[in-house]
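Dear colleague,

Here is the structure I said I would pass on. My notes on the core and on one of the helices follow below.

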Amino acid sequence: RYLPKSVKIFVGYFPTGTMERVEEYGRVATAKSLARLLSSIPTGAHGPVQICICDIHTLQNHFYFSDNILVRLETCTGLIRDEMKSIKNCSVAFPDEGAYKRYHRIFKEYPVIICQKVRDGNKRIVTLKEGDVKDRNVVIIDDLVQTGGTLAECALLMKSNGCLSVSCFCTHSVFPNESWKRFCKDGKNEGLFQTFYVTDTIPTITDELKKHEPFKVLPTSTVYLPVIRNDEDAIGTPIH
């Protein structure tokens, strides 16, 4: 209405990103529902609105948006690289094949460890698929954390295989029902992670995490500012 030269909208966390498919008739792929809502933003006088989303979980979510807007997908996983420079004998671990496919290109110079979930009776357990864990300082990489159960299983697996230490990085700290407390003092998994890195894409959660060990919150400003300035040399590596 006021004829701006350009409009950029930053969506730090795309909350329905994990609900991108349905496995039985009658369920709704809410990732598509939110994408369609955002796609209804009207085109400006100088062109379509640009929406920047960090770590959208699965790249196929990109195709739920219409051509009415421009979607720019970024990742914050590059932010952990500066922290990793001070870690000797560092290896990167992925909790599943999906995380490996999304992010392994960002950590080419580091030895890789891949975990997987396998069915054991009526439950699924985390096992080591490939990689050398013994005498390594391991950093587990994933896009988001919910209850933290899978990450805890991965960390316990690393320690049982002789690693020196385990840290973790997740872009989005969802942590429903204060489930982050399991990693803090007197929690179920106290002391499991040397450092649990997250970013500030969900500030209502990370404002509290800043007050507690082992959490360390990394700012996303170095990802957003280059987008605002139309600078392609961003620390946050584009994932498209």
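pLDDT is the predictor's confidence in each residue, on a scale from 0 to 100. It applies here because this is a predicted model. Residues 231–235 stay under 50 on that scale, and the model has seven contacts beyond four places in sequence for this stretch. The protein chain as a whole averages a pLDDT of 91, with 96% of the residues scoring at least 70.

On the interior: the largest nonpolar core holds 34 residues. Ile140, Met158, Phe175, Phe193 and Phe196 touch the most other members. Two or more residues each come from β5 (112–120), β7 (137–145), α4 (149–160), β8 (165–173), β9 (196–199), α5 (203–209) and β10 (215–218). The biggest contribution is that of α4, at six residues. There is also a second, separate core of 20 residues, which includes Cys54, Leu79, Met84 and Phe169.

On α4: this helix has twelve residues and spans 17 Å from first C-alpha to last, close to the expected 16 Å. Its buried residues are Gly149, Leu151, Ala152, Cys154, Ala155, Leu157 and Met158. Their cover includes strands β4 (90–94), β5, β6 (123–130), β7, β8 and β9. Setting aside neighbours within four places in sequence, Met158 is in contact with Ala93, Ile113, Cys115, Leu128, Val133, Val138, Cys163 and Val166. Just after the helix, Gly162 has a positive phi of about 90°.

Regards

Definitions and conventions:
Residues numbered from 1 in each chain as written. Predicted model: local features only at pLDDT ≥ 70, side-chain atom pairs only at ≥ 80, totals over all residues. Heavy atoms only, no water. Core = buried A, V, L, I, M, F, W, Y, C linked by side-chain atoms within 4.5 Å. Buried < 20%, exposed > 50% of the residue type's maximum accessible area, 1.4 Å probe, protein only. Helix = DSSP H or I, 4+ residues; strand = E, 2+ residues; numbered from the N terminus. Contact = heavy atoms within 4.5 Å. Expected span 1.5 Å × (residues − 1).
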